[in-house]
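Open the model in your viewer and keep the selection tool at hand. We will go from stop to stop, and at each one I will tell you what to pick and what is there.

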Amino acid sequence: MEERIQMMKDLSIEEREEVFADIARVLEGTAHEAYVEGNRHFAALSANMAQAIRVNADELARDNVQNAKRVLLQASTMISQFNAVHPYRMVSKAVH
């Protein structure tokens, strides 16, 4: 993902939107895993960031590339923090 962030200025608008959709999907996945594990604060932050990226993907893809890079770097930092704390993925996501 980091290599796509660095190449943002070389991507077309559609490809940038696809990058935003991908990162939003990953954020939603980490939000779900965090919620299941009981980390509701991180789940809320991750879900809210995913929703904000989805809603504004068109504007972010068309506007200033530097701002788009910042948003993607913040999102990838959140994902990296979650992966550092939870290096092993859950087998089951059932909530009882």
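Start by selecting Glu-28: its relative accessibility is 34%, so Glu-28 counts as partly exposed. This is a predicted model, so read each contact on the tour as part of a prediction. Now add Arg-54, whose side chain meets that of Glu-28 in a salt bridge, 3.0 Å from N to O. The pair joins distant parts of the chain, with Arg-54 in helix α3 and Glu-28 in helix α2, 26 residues apart. Arg-54, at 39% relative accessibility, is partly exposed too.

How many salt bridges does the structure hold? There are three, so two stops of this kind remain.

For the next one, stay on helix α2 and select Asp-22 with Arg-25. Their side chains form a salt bridge at 3.0 Å, N to O, and the two residues sit three apart in α2, about one turn of the helix. Is Asp-22 buried or exposed? With a relative accessible area of 18%, Asp-22 is buried, whereas Arg-25 is partly exposed at 48%.

While you are here, colour the buried residues of α2; among them are Val-19, Phe-20, Ile-23, Ala-24 and Leu-27. Then try a distance between the end C-alpha atoms of α2 (residues 13–37): they are 36 Å apart, which agrees with the 36 Å that 25 residues should span at 1.5 Å a residue. Just after the helix comes Gly-38, with a positive phi near 100 degrees.

Move on to helix α3 and pick Arg-62 and Asp-58. Their salt bridge has its closest N and O atoms 2.7 Å apart, and both residues lie in α3, four residues apart, about one turn of the helix. Arg-62 is partly exposed at 49%, as is Asp-58 at 37%.

Next, select Asn-64 in the loop between α3 and α4. Asn-64 is partly exposed, with a relative accessible area of 42%. A polar atom of the Asn-64 side chain lies 3.0 Å from the backbone nitrogen of Gln-66. Show Lys-9 as well: its C-alpha atom is 9.3 Å from that of Asn-64, although the two are 55 residues apart along the chain.

Finish with the one aromatic pair in the structure. Select Phe-42 and Phe-82, whose rings are stacked, 5.4 Å centre to centre with 15 degrees between the planes. Phe-42 belongs to helix α3 (residues 40–62) and Phe-82 to helix α4 (residues 65–85), 40 residues apart. Phe-42 is buried at 12% relative accessibility, and Phe-82 is buried at 3%.

How values were computed
Residues are numbered from 1 along each chain as its sequence is written. This is a predicted model: local features need pLDDT of at least 70, side-chain atom pairs count only at pLDDT 80 or more; totals for chains, interfaces and linings use all residues. Side-chain values use heavy atoms; hydrogens and water are left out. The expected span of a helix is 1.5 Å times one less than its number of residues. Buried means under 20% relative accessible area, exposed over 50%, partly exposed in between (1.4 Å probe, protein chains only). Rings of Phe, Tyr and Trp (its six-membered ring) pair if their centres lie within 6.5 Å; planes under 30 degrees apart count as stacked, over 60 as edge-to-face and the rest as tilted. A polar contact is a pair of N or O atoms within 3.5 Å; within protein, one must be able to donate a hydrogen and the other to accept it, and residues adjacent in sequence count only if both atoms are side-chain atoms. A salt bridge is a side-chain nitrogen of Lys or Arg within 4 Å of a carboxyl oxygen of Asp or Glu.
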